[in-house]
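Subject: Structure for your review

Dear colleague,

Here is the structure for you to look through. My notes on what was found in it follow below.

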Amino acid sequence: MQIFYPGDAGYDEERSGFQTGLRHEPQVVFAVENVQDVEDAVGHAESHGLEYAIQTTGHGLTTATTGVLISTRRLNAVEVDPATGTARAEAGAVWQQVVEKAAPHGLAPLSGDASDVGVVGYTLGGGFSVLAREFGFASDRVTRTEKVGDVVTALEFELLPVERVHAGELFFEARYEREVVEAFHTWDLPDHVTPALTTLGDVVRITFASTKPFDVGHLRVAPVLKEDLGLKPFAEVAGRPLPPHTYQGDNVLLRDLPLEALQRAREIAARSTAEIFLGVLPLGAALGSEATHLLKLISPRLGVQEQHEEVFEAVRPFVVGRSRNFRYAVG
Ligand SMILES: Cc1cc2nc3c(=O)[nH]c(=O)nc-3n(C[C@H](O)[C@H](O)[C@H](O)COP(=O)(O)OP(=O)(O)OC[C@H]3O[C@@H](n4cnc5c(N)ncnc54)[C@H](O)[C@@H]3O)c2cc1C
């Protein structure tokens, strides 16, 4: 195992991740390769009275540690067992590895829209998959957890017999945002469809996926700028890696989301002093009835928590919690 201290060659690279606006400032980095290394790293933190943080990809970095950083990238084996329809992923594995190993057996994991996100971090936050409303949370499928202290060294979980999905996206110009949001919100959504709407500055994007066919005619309330719908291999909807960048974001889980509250949140986000991308995920169906929607905000810079709170204020009466996923650089 390699161990890095500030000033060492490799220290900066090891503590850097997908989030470029914030980095861990550890006294020491343990670049673990096996379970014994994790035991050593945790033992070091405990015997020195230091906190320890875990980093796989840095996608979900919330606060930077000044104690011990356990970097799991190299502890990343993935095995798929087609006989039991399960996979075992070590701490540092990313979804792409699971998707690639599962696909030849006609299987797929409940991964999300970015294939370079870590399996463990994603699953510990519940895991909202591109097929979430059809099959539930990724965490519902965990069959075994291997741990050392707070570090999950491996997860075993069920895969699904999914080869291809009906999936795609529709883009509209931002000037039709109000109409598109209303159509999205009033969509009589079949339980098997998992959609998401995101405002992206100049455009509004709606994505959807399901193992069964469905109709999106109801959403065509404005000229469609670009569309891409079809029956695709699961790997194609499991997302492509994005380049590392700076971003801050948060989310709320809602027990209801009246259209007026959503439109208000959207308007506040659109005229905010910060650039804010607003995302709406309808929940329910296999995700249970505790929350009906997840509203997430993301901005391409730090220091925008106040502006995000102004948007969340529009839905405050309906907030029942926060997802641990979709929290970025927020402490
Ligand atoms: C572009 C992008 C797309 C995303 N898409 C989705 C999506 O579709 N659905 C969804 O649900 N989420 C999504 N997320 C959120 C993502 O699941 C969380 O940010 C998750 O925490 C990332 O895990 P990571 O290991 O990649 O990141 P890291 O920043 O490396 O880890 C995040 C946190 O997870 C914990 N963690 C990681 N590994 C371990 C371990 N081995 N043991 C114990 N704790 C650990 C730690 O608390 C760590 O601070 C997305 C995030 C981004 C940036």
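I begin with a pair of residues in one strand pairing: Glu90 has Ala154 of β8 as its bridge partner. Please keep in mind throughout that this is a predicted model.

The sheet around β8

The pairing of β6 with β8 is antiparallel and runs over 5 bridges. Besides Glu90 and Ala154, Arg88 stands opposite Glu156 of β8. Strand β7 (residues 142–148) also runs antiparallel to β8, and 6 bridges join the two. There, Lys147 has Val152 in β8 as its bridge partner. β7 and β8 form a hairpin with 2 residues between the strands, and Gly149 in this hairpin has a positive phi near 60°.

Is β8 enclosed or open? Of its 8 residues 6 are buried, so β8 is largely enclosed by the rest of the structure.

β6 has another antiparallel partner in β5, with 4 bridges between them. Val78 stands opposite Ala89 of β6 in this pairing. β5 and β6 make a hairpin with 4 residues between them, and in its turn Gly85 has a positive phi of about 65°.

Helix α3

Helix α3 (residues 95–102) is mostly covered, with 6 of its 8 residues buried. The buried residues are Trp95, Gln96, Gln97, Val98, Val99 and Ala102. Their cover includes β5 (78–81), β6 (86–90), α4 and α7 (234–237).

The ligand

How many residues surround the ligand? The shell holds 30 residues, and the closest are Thr56, Gly60, Gly112, Gly118 and Gly121. At least two residues of the shell come from each of β3 (52–55), α4 (119–124) and β8 (151–158). The most come from α4, which gives 4 residues. Two of these elements have thus appeared above: β8 as the largely enclosed strand, and α4 as part of the cover on α3.

Strands β9 and β12

β12 is a contrast to β8. Strand β12 (residues 224–233) has 10 residues and the number buried is 0, so β12 lies largely in the open. β12 pairs with strand β9 (residues 164–173) in the antiparallel sense, over 9 bridges. In that pairing, Arg164 has Pro233 of β12 as its bridge partner.

Helix α8

Helix α8 (residues 259–270) has 12 residues, and the distance from its first C-alpha to its last is 16 Å, close to the 16 Å expected at 1.5 Å a residue. Its buried residues include Leu262, Ala265, Arg266 and Ala269. These four are on the same side of α8, because they cover an arc of only 100° around the axis. The general background is that an α-helix has 3.6 residues a turn, so residues three or four places apart point the same way.

What do the buried residues of α8 pack against? They pack against α6 (177–185), β10 (194–200), β14 (277–282), β15 (293–299) and α9 (305–313).

Domains

The domain assignment of the protein gives domain 1 (2–71), domain 2 (78–158) and domain 3 (248–321). Between the C-alpha centres of domain 1 and domain 3 there are 32 Å.

Single residues

Three residues are worth finding on the model.

- Glu25 lies in the loop between α1 (11–15) and β2 (28–31). Glu25 counts as exposed because it has 12 C-beta neighbours inside 10 Å. Leaving aside residues up to four places away in sequence, Glu25 touches Ala64 and Thr66. Glu25 and Glu156 are 131 residues apart in sequence, and their C-alpha atoms are 31 Å apart in space.
- Ala285 is in the loop between β14 and β15. Its phi is near 50°, a positive value in a residue other than glycine. Ala285 counts as partly exposed because it has 18 C-beta neighbours inside 10 Å.
- Ala329 is in the segment after β16 (319–321). Although Ala329 is not a glycine, its phi is positive, at about 55°. Ala329 has 23 C-beta neighbours inside 10 Å, so it counts as buried.

Regards

Note on methods: Residues numbered from 1 in each chain as written. Predicted model: local features only at pLDDT ≥ 70, side-chain atom pairs only at ≥ 80, totals over all residues. Expected span 1.5 Å × (residues − 1). Buried ≥ 20, exposed ≤ 12 C-beta atoms within 10 Å, placed from the backbone. Arc of directions from axis to C-beta. Contact = placed C-beta atoms within 7 Å. Pairing = 2+ DSSP bridges. Domains from an automatic or database assignment. Near = placed C-beta within 6 Å.
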